[in-house]
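I opened my notebook for this one and went through the structure a topic at a time. Here is what I looked up, in the order I looked.

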Amino acid sequence: MLTLRERQINAIKQMLNLNAQQPKVLAAEPVWKILIYDRVGQDIISPIISIKELRELGVTLHVQLHSDRDSIPDVPAIYFCMPTEENLDRIQQDFQNGLYDIYHLNFLAPISRQKIEDLAASALQAGCVANIHRVYDQYVNFISLEDDFFILKHQKSDQLSYYSINRANTRDDEMETLMDSIVDSLFAVFVTLGNVPIIRCPRNTAAEMVARKLEKKLRENLWDARSNLFHMDATQAGGGVFSFQRPVLLLLDRNMDLATPLHHTWSYQALVHDVLDLGLNLVYVEDDQPAGGTRKKPKPCDLDRNDRFWANHKGSPFPTVAEAIQEELESYRSSEEEIKRLKTSMGIDGEAEVAFSMVNDATARLTNAVNSLPQLMEKKRLIDMHTKIATAILNCIKSRRLDSFFELEEKIMSKQTLDKPLMDLLKDPEFGTPEDKLRLFIIYYICSQNVPDFEIERLKEVLQENGCDLSSLSYIQRWKAIMNRTPSLNQAAQYEGGGTKTVSMFSKLVSQGSSFVMEGVKNLVVKKHNLPVTKITEQVMECRSNPETDDYLYLDPKLLKGGDIMPKNRAPFQDAVVFVVGGGNYIEYQNLVDFIRQKQTANVSKRIVYGSSTLTNAQQFLKELSALGREIQGPVLS
């Protein structure tokens, strides 16, 4: 069964194959072509298709739509962009200038009738109608970061951010546009999956707006005989990812849980995102400063799914990752030693190639070892890259005491008593950055019950003395008050937290003289627990009656006159797409991955795809909360 990411890759490869079905065996000589994309198209392609793969598909040149381009005759030009006014004007300009002989236009989202007529008129005027071979709507307007994780926007993602959805002075038409763009992308996700979902979501939230609009869009498409995108033709039978089982789309609002996005984390992928700002599976790590003092440009490290180490360890706790890197290094060194030893034993140190013919058996062994050199080189490159990333993270963990923050927050979420009062920790100037302290305090404020007001005020004073910007707190206070009106949304009760336990100190690393100096870093093992998003997902997939989810809307676009209440005795869902309106994070993604892994049995395979309108780390999320807080304070000051 293909994953969402694989299906998106296939759709794009088919587009690069000039929209013809891909042959099973690649031709020796592909059709050479050029690819012209806008920013959105670039964001979609870059995490899933490497430059090397583009070359194999015959793409000799890939350029931005809005850059200066020279005329290239006789080569098909594939356009891959959004049908915006600005992009269409530029395409019409290309027609006028006769840049290419063959045009294949692929729009990321459906192009309106009016726009396509304008485009046709300008092609007529430029006299290049015969040169336009194909015009396609592609329905791939979303970004696949993992096999089971997608986001809607990367560049200019603030258009769909938590701030944009929740700010006080958003006009109705702006909100409509914002919701429509989320709906269009979700529609594209389900067209790519080849399946019509059943939609569940909480009432009276931004998620409900998205749900109602998406249901209407899906229903209109299903009942439109001419352009139904969900017809399974013979070639695609069973091609839907979820085959006969329909998936449930669970739409949630970021407002249900503001603690998790601010939580300090301990798993590898989430740490890379939190500390080093991972974006579209690329992370920039600065090299150590050379003695001369000139700073080198940080090199991009590409964390893709072909990297076996990353695939195995992105969800592991950081100390485990450090040990694993060390083990990989050991095994690489032993392979390297083996080749050297073979050479020496045969007396070919340097030039004495003559010896080869004499030692047949050893020759075979050496040839074998030398043939494995490319794999070894690649292994070495990946080990070096992960060592560099892990060292950068380790330096941050030490300087900001991230292990202690993580441990404290887990304790607060699981209602354990703290060893030291919070006040002392916040006063300690050595303890993390002001931003770290603020994150810790907000989580404490959200998750703890019955804390007297005067204590909160005293903690705020301490934060202020430590240079924290407290503007986000006005928003958090208002949000908590609204949430606590509804008993099922009572924030403090939401978190069960797993807590952590410290295990004996990295024995392997200490004994083997590792490149990681882990002194002073706690080896924390996280106890398994479900975050609020995961708990709700479990209840919705099991179709169990529960006060939290009983009131959720139940929308089925296939029913002509459906109500919005769940039918009795509904069978549990095997597959779910969980989508958070207002921003997601790797912590929730990893929690869902761990949860569904436990649910697999020999005869039942369940799957979850996680998606969000944007992907923010704690620093970006705090900025949005501060901006919302300042809006609340604004009128008072004036």
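**The mixed sheet**

I began with strand β9 (residues 248–253) and strand β15 (residues 575–581), which run parallel and are joined by 6 bridges. On that pairing, I found Leu 251 opposite Phe 579 in β15. A reminder to myself before going on: this is a predicted model.

Next I asked in what order the strands of this open sheet follow one another. I read off 7 strands, in the order β6-β7-β16-β15-β9-β8-β14, with mixed pairing. The edges belong to β6 (143–146) and β14 (553–555), and each of them pairs on one side only. I noted an average twist of 20° from one strand to the next.

Then I looked for helices against this sheet. α1 packs on it, touching β6, β7 (149–151) and β16 (607–612), and the direction of α1 makes about 135° with that of β6. Helix α22 (residues 532–542) lies across β8 (198–201), β9, β15 and β16, and runs at about 145° to β9.

**The parallel sheet**

I moved on to an open sheet of 5 strands, ordered β2-β1-β3-β4-β5, where the pairing is parallel. Which strands stand at its edges? They are β2 (59–64) and β5 (132–137); each has a single partner strand, so one side of each is left without a neighbour in the sheet. Ignoring direction, I get an average turn of 20° between neighbouring strands here.

Within this sheet I picked out strand β3 (residues 72–81) and strand β4 (residues 100–107), which pair in the parallel sense over 7 bridges. Pro 76 stands opposite Ile 102 in β4.

I met α1 again here: it lies across β1, β2, β3 and β4, at about 155° to β3. So my notes have α1 down twice, once for β6, β7 and β16 and once for this set of strands. Helix α4 (residues 85–97) lies across β3, β4 and β5 and runs at about 165° to β4.

**Positive phi outside glycine**

I wanted to see residues other than glycine with a positive phi, and I wrote down two. Leu 18 has a phi near 60°. Its place is in the loop between α1 (4–16) and β1 (33–37). Is Leu 18 buried or exposed? Leu 18 is buried, because its relative accessible area of 18% falls under the 20% cut-off.

Arg 401 is the other entry, with a positive phi of about 55°. I found Arg 401 in the loop between α14 (373–400) and α15 (402–413). With a relative accessible area of 32%, Arg 401 is partly exposed.

**A buried glutamate**

Glu 215 caught my eye next; it lies in helix α8 (residues 206–222). Its relative accessible area is 8%, so I put Glu 215 down as buried. Which side chain does Glu 215 join in a polar contact? The partner is Arg 219, at 2.8 Å. Leaving out neighbours within four places in sequence, I listed Ile 199, Leu 555, Asp 556 and Pro 557 as contacts of Glu 215.

**Cysteines**

How many disulfides does a search of the whole structure find? I got 0. I also checked burial for two cysteines. Cys 128 is buried at a relative accessible area of 5%, and Cys 543 is buried too, at 14%.

**A loop proline**

Pro 429 sits in the loop between α16 (422–427) and α17 (434–447). Pro 429 is exposed, because its relative accessible area of 64% is over the 50% cut-off. I then took the distance from its C-alpha atom to that of Asn 466 and got 7.5 Å, for two residues 37 apart along the chain.

**Confidence check**

Last, I looked at how far to trust what I had written. The protein averages a pLDDT of 87, and 88% of the residues score at least 70. Two stretches I marked with a pencil: pLDDT stays under 50 over residues 233–242 and over residues 505–513. For residues 233–242 the model has 19 contacts beyond four places in sequence, and for residues 505–513 I also noted 19.

Technical notes:
Residues numbered from 1 in each chain as written. Predicted model: local features only at pLDDT ≥ 70, side-chain atom pairs only at ≥ 80, totals over all residues. Heavy atoms only, no water. Helix = DSSP H or I, 4+ residues; strand = E, 2+ residues; numbered from the N terminus. Buried < 20%, exposed > 50% of the residue type's maximum accessible area, 1.4 Å probe, protein only. Pairing = 2+ DSSP bridges. Axes fitted to C-alpha atoms, helices over the stretch in contact; angles between N-to-C directions. Contact = heavy atoms within 4.5 Å. Polar contact = N/O pair within 3.5 Å; in protein donor to acceptor, adjacent residues only side chain to side chain. Disulfide = S-S within 2.5 Å. pLDDT = per-residue confidence, 0-100.
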